[in-house]
Amino acid sequence: MRTRLLAATLTAFAAVSLAACSSSGSGTATAGATGSPVASAASTAPAATTASTPAAGATTAPAPGASAPATPNGPASGTTSPGAADAPNTPAPPKPAPPTDAGLPAKPGDEATAKLVAALEAIDPAIVGGKPEQAVDRARNQCQSMYQFPKDRAKLVELANQRFTDAGHPQGFGTEKAEKIIDALRATLCPPA
C-alpha cells in the first residue's frame with residue numbers, strides 16, 4: 001500500500017514539475033480555471049493519485065530533488081509571470097507639441113526692416129502701402145507658415161494671398177506675386193529652413 005501511494009505521489013509531482021517547466025519555457029500552456037498553468041497540469045495528472053488516500057497518520061513528502069507544488073493562485077517557483085519581460089512594449093510618451101511661436105522670427109531691426117520693405121515694394125508698392133509695421137507683421141506670420149509647411153508651396157501661396165492684401169487687392173496680389181513675396185521673405189527675414 002505504501003509503495004503504491006509513494007509511486008502515485010511521485011507520479012503526480014513529476015507531472016506537476018514537468019508541466020511547470022514546460023509552461024515557463026514555452027508560454028503556451030493552457031491555463032485552468034484558476035488561471036495558473038500548474039493547476040491545469042495538475043488536473044491532467046493520472047487518476048490513480050486522487051483515488052488513493054494516505055493512511056491515518058501517514059505523511060507524504062516530495063521525492064528528493066522534486067520541487068514543491070505551487071499554490072493554486074500563484075505561479076510555480078522559478079517561473080515568471082507572462083508579460084513581466086514585456087516592459088519594453090509599453091507605448092512611448094507622446095511627442096510634445098511644437099511651441100506656438102515655432103518658426104516666427106524675432107522682430108527685425110531697422111536695417112532688416114528696410115531691406116524687407118524694399119524687397120516687397122520691388123514686387124509691388126501696394127504690398128507695403130505706406131504701412132511698414134503692418135507689412136513686417138504679415139511677413140513674420142508668413143515666415144511661421146513657411147516653417148510649418150516647408151514643402152507645400154501651394155498652401156504658402158494661398159496664405160500669402162490671404163495675408164498680403166489692400167483695398168485694391170482684397171483677395172491678395174495673385175499667384176505670381178505671392179510666389180515672389182515668399183522668395184523675398186526667404187531672402188530677407190525668414191530663418192533658413
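Contact, in what follows, means heavy atoms within 4.5 Å of each other. With that in mind, this predicted model shows a protein whose secondary structure comes to eight helices and zero strands, so that from the N terminus on its elements run α-α-α-α-α-α-α-α. The buried residues of helix H6 pack against helix H4 (110-123), helix H5 (125-128), helix H7 (153-163) and helix H8 (175-188), and a network of salt bridges links Arg153, Glu179 and Asp183.

**Confidence in the model**

- The average pLDDT of the protein is 75, and 56% of the residues score at least 70.
- Over residues 27-58 the pLDDT is below 50, although this stretch has 29 contacts in the model beyond near neighbours in sequence.
- Where pLDDT is low, the predicted coordinates should not be read in detail.

**The chain as a whole**

- The protein has 193 residues, of which 30% count as buried.
- Among contacts in the protein with a separation of 6 or more, 64% are accounted for by residues 24 or more positions apart.
- The protein exposes about 12,500 Å², and carbon and sulfur atoms supply 59% of this area.

**Helix H6 and its surroundings**

- Helix H6 covers residues 132-148, and because each of its 17 residues is counted at 1.5 Å, the helix should span 24 Å, which agrees with the 24 Å between its end C-alpha atoms.
- The buried residues of H6 are Ala135, Val136, Arg138, Ala139, Arg140, Gln142, Cys143, Gln144, Ser145 and Met146.
- These buried residues of H6 pack against four elements, namely H4 at 110-123, H5 at 125-128, H7 at 153-163 and H8 at 175-188.

**Salt bridges between H7 and H8**

- The structure holds four salt bridges, and as a general matter side chains of opposite charge can pair when their charged atoms come close.
- One of these salt bridges joins the side chains of Arg153 and Glu179, with 2.7 Å from N to O, and the pair links distant parts of the chain, since Arg153 lies in helix H7 and Glu179 in helix H8, 26 residues apart.
- Arg153 also meets Asp183 in a salt bridge between their side chains, at 3.1 Å from N to O, and this pair likewise links distant parts of the chain, with Arg153 in helix H7 and Asp183 in helix H8, 30 residues apart.
- Arg153, Glu179 and Asp183 are thereby linked in a network of salt bridges.
- Arg153 counts as partly exposed because its relative accessibility is 28%, a value that falls between the 20% limit for buried and the 50% limit for exposed residues.
- Glu179 is partly exposed, with a relative accessible area of 26%, and Asp183 counts as partly exposed as well, at 42% relative accessibility.

**A salt bridge within H8**

- The side chains of Lys180 and Glu176 meet in a salt bridge, with 3.6 Å from N to O.
- Because Lys180 and Glu176 are four residues apart in helix H8, they are separated by about one helical turn.
- Lys180 is partly exposed, with a relative accessible area of 42%, whereas Glu176 is exposed, with a relative accessible area of 59%.

Definitions and conventions:
Residues numbered from 1 in each chain as written. Predicted model: local features only at pLDDT ≥ 70, side-chain atom pairs only at ≥ 80, totals over all residues. Heavy atoms only, no water. Helix = DSSP H or I, 4+ residues; strand = E, 2+ residues; numbered from the N terminus. Buried < 20%, exposed > 50% of the residue type's maximum accessible area, 1.4 Å probe, protein only. Areas by Shrake-Rupley, 256 points an atom, 1.4 Å probe, with all protein chains shown as cover. pLDDT = per-residue confidence, 0-100. Expected span 1.5 Å × (residues − 1).
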